[in-house]
Amino acid sequence: MTKKLKLVSQETAAAAANEQPQTIAKPSGFSLDKFKSKRATTVANVETLQGALPHYSLAAAKDFVRLHPNQDEYWSPELCFVNVPIKGQKGNTLHLIDEDLALQYLDSGQILRHRLALATKPHNVFFLAHIPSQNLDNTWNVSAMKGAEQGTQYWVKLTSRKDEGAEEYKISYARDEDCFPDPKWPSLPLSALIETAFTGRMITSNNHPALLRLLGAKQAVS
């Protein structure tokens, strides 16, 4: 019995002698937590932030369009505009202008008046449509207004008939009413959409750089 215990003790000692001391790795402080994907690609019931919308006539869309059916909320009253030459740009840039300033400083021919309505091309490509509000007996404006009204219910496309010798727009309808999904209209009010679209292009004082440019007046150097 004593011999057996002695043999076991020798084997245990030999095994202990062969074991290598273990080292404990020091933590590096690195963690994957900061790189985890925390947000879903799309979040249900959350609207995409709407950026500044372009604005142009229905014919300039050169595509089928729909207009917001709520004319009280998403068709503006008649507004005042003026085209302003901008350094470095080929074309003029449309500005909103306070009507009192426009009448005081500008020729009547420079002042533009029309409404803005929320519209979209297929697949929610939103824009602010120029809606005629003056000279509504003009054949161009009559056909444009008809197209705008029809666009509250149907997908329509307006094209000029000038090459045919007709002074009006042709109104074409999508062959299939369900060819495109119904628009998912932004929930922002029209005033907010217009404000964003015309940020930096609203003339509200007689020293606004755009008005001074139109008057050929020297601009103050800040």
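What covers the buried residues of helix H6? The cover includes helix H3 (71-74), strand E3 (79-84), strand E4 (93-97), strand E5 (112-121) and strand E6 (125-132). This is a predicted model, and H6 is a good place to enter it.

H6 spans residues 190-197. Its buried residues are Leu190, Leu193, Ile194 and Ala197. They cover an arc of only 95° around the axis, which puts them on the same side of H6.

Now step back to the whole chain. The protein has 7 helices and 9 strands. Of its 222 residues, 32% are buried. Take the contacts between residues at least 6 apart in sequence: 65% of them join residues at least 24 apart. The exposed surface comes to about 15,700 Å². Carbon and sulfur atoms supply 51% of that surface.

Next, the interior. In soluble globular proteins, nonpolar side chains tend to be buried together. Here the largest nonpolar core has 18 residues. Those with the most contacts inside it are Leu58, Val65, Leu67, Phe127, Ala129, Ile131 and Leu158. Five elements are listed as giving two or more residues to this core: helix H2 (58-61), E5, E6, helix H5 (139-150) and strand E7 (156-160). Another core lies apart from it. That one has 14 residues, among them Phe81, Leu118, Leu190 and Ala197. Leu190 and Ala197 are also among the buried residues of H6.

Val65 gives a closer view of the 18-residue core. Leaving aside neighbours within four places in sequence, Val65 is in contact with Leu58, Thr120, Phe127, Tyr154, Trp155 and Val156. Leu58 and Phe127 are, like Val65, among the core residues with the most contacts.

Which residues does threonine 152 touch, not counting those up to four places away in sequence? They are Arg66, Leu67, His68, Pro69, Gln71 and Trp75. Threonine 152 sits in the loop between H5 and E7. Despite that loop position, Thr152 is buried, at 13% relative accessible area. Its C-alpha atom is separated by 8.9 Å from that of alanine 119. Those two residues are 33 apart along the chain.

Alanine 52 is another loop residue, placed between helix H1 (2-18) and strand E1 (55-57). Is Ala52 buried or exposed? Ala52 is exposed, with a relative accessible area of 52%. Beyond residues up to four places away, Ala52 touches Thr196 and Ala197. Ala197 belongs to H6. The C-alpha atoms of Ala52 and Glu195 are separated by 8.6 Å, although the two residues are 143 apart along the chain.

Charged pairs come next. How many salt bridges does a search of the whole structure find? The search finds 4. One joins aspartate 182 to arginine 66, with the closest N and O atoms 3.9 Å apart. Asp182 lies in the loop between strand E8 (169-173) and H6, and Arg66 in strand E2 (residues 66-67), so the pair ties together parts that are 116 residues apart in sequence. The two partners sit in contrasting surroundings. Asp182 is exposed, at 58% relative accessible area, whereas Arg66 counts as buried, at 12%. Arg66 is also one of the residues touched by Thr152.

A second salt bridge pairs arginine 113 with glutamate 99, the closest N and O atoms being 2.9 Å apart. Arg113 is in strand E5 and Glu99 in helix H4 (residues 99-105), 14 residues apart. Arg113 is partly exposed, at 25% relative accessibility. Glu99 is partly exposed too, at 36%.

Glutamate 164 and arginine 161 also meet in a salt bridge, at 3.1 Å from N to O. Glu164 counts as exposed, at 55% relative accessibility, while Arg161 is partly exposed, at 26%. This pair belongs to a network: salt bridges that share partners join Arg161, Glu164 and Glu168.

Finally, the cysteines. How many disulfides does the count come to? The count comes to 0. Cys80 is buried, with a relative accessible area of 10%. Cys179 is partly exposed, at 34%.

Notes:
Residues are numbered from 1 along each chain as its sequence is written. This is a predicted model: local features need pLDDT of at least 70, side-chain atom pairs count only at pLDDT 80 or more; totals for chains, interfaces and linings use all residues. Side-chain values use heavy atoms; hydrogens and water are left out. Buried means under 20% relative accessible area, exposed over 50%, partly exposed in between (1.4 Å probe, protein chains only). Helices (H or I, at least four residues) and strands (E, at least two) are DSSP runs, numbered from the N terminus. The arc is that of the directions from the helix axis to the C-beta atoms. Contact means heavy atoms within 4.5 Å. A disulfide is a pair of cysteine sulfur atoms within 2.5 Å. Accessible areas come from the Shrake-Rupley method with a 1.4 Å probe; for residues, only the protein chains shown count as cover. A nonpolar core is a set of buried Ala, Val, Leu, Ile, Met, Phe, Trp, Tyr and Cys residues joined through side-chain atoms within 4.5 Å. A salt bridge is a side-chain nitrogen of Lys or Arg within 4 Å of a carboxyl oxygen of Asp or Glu.
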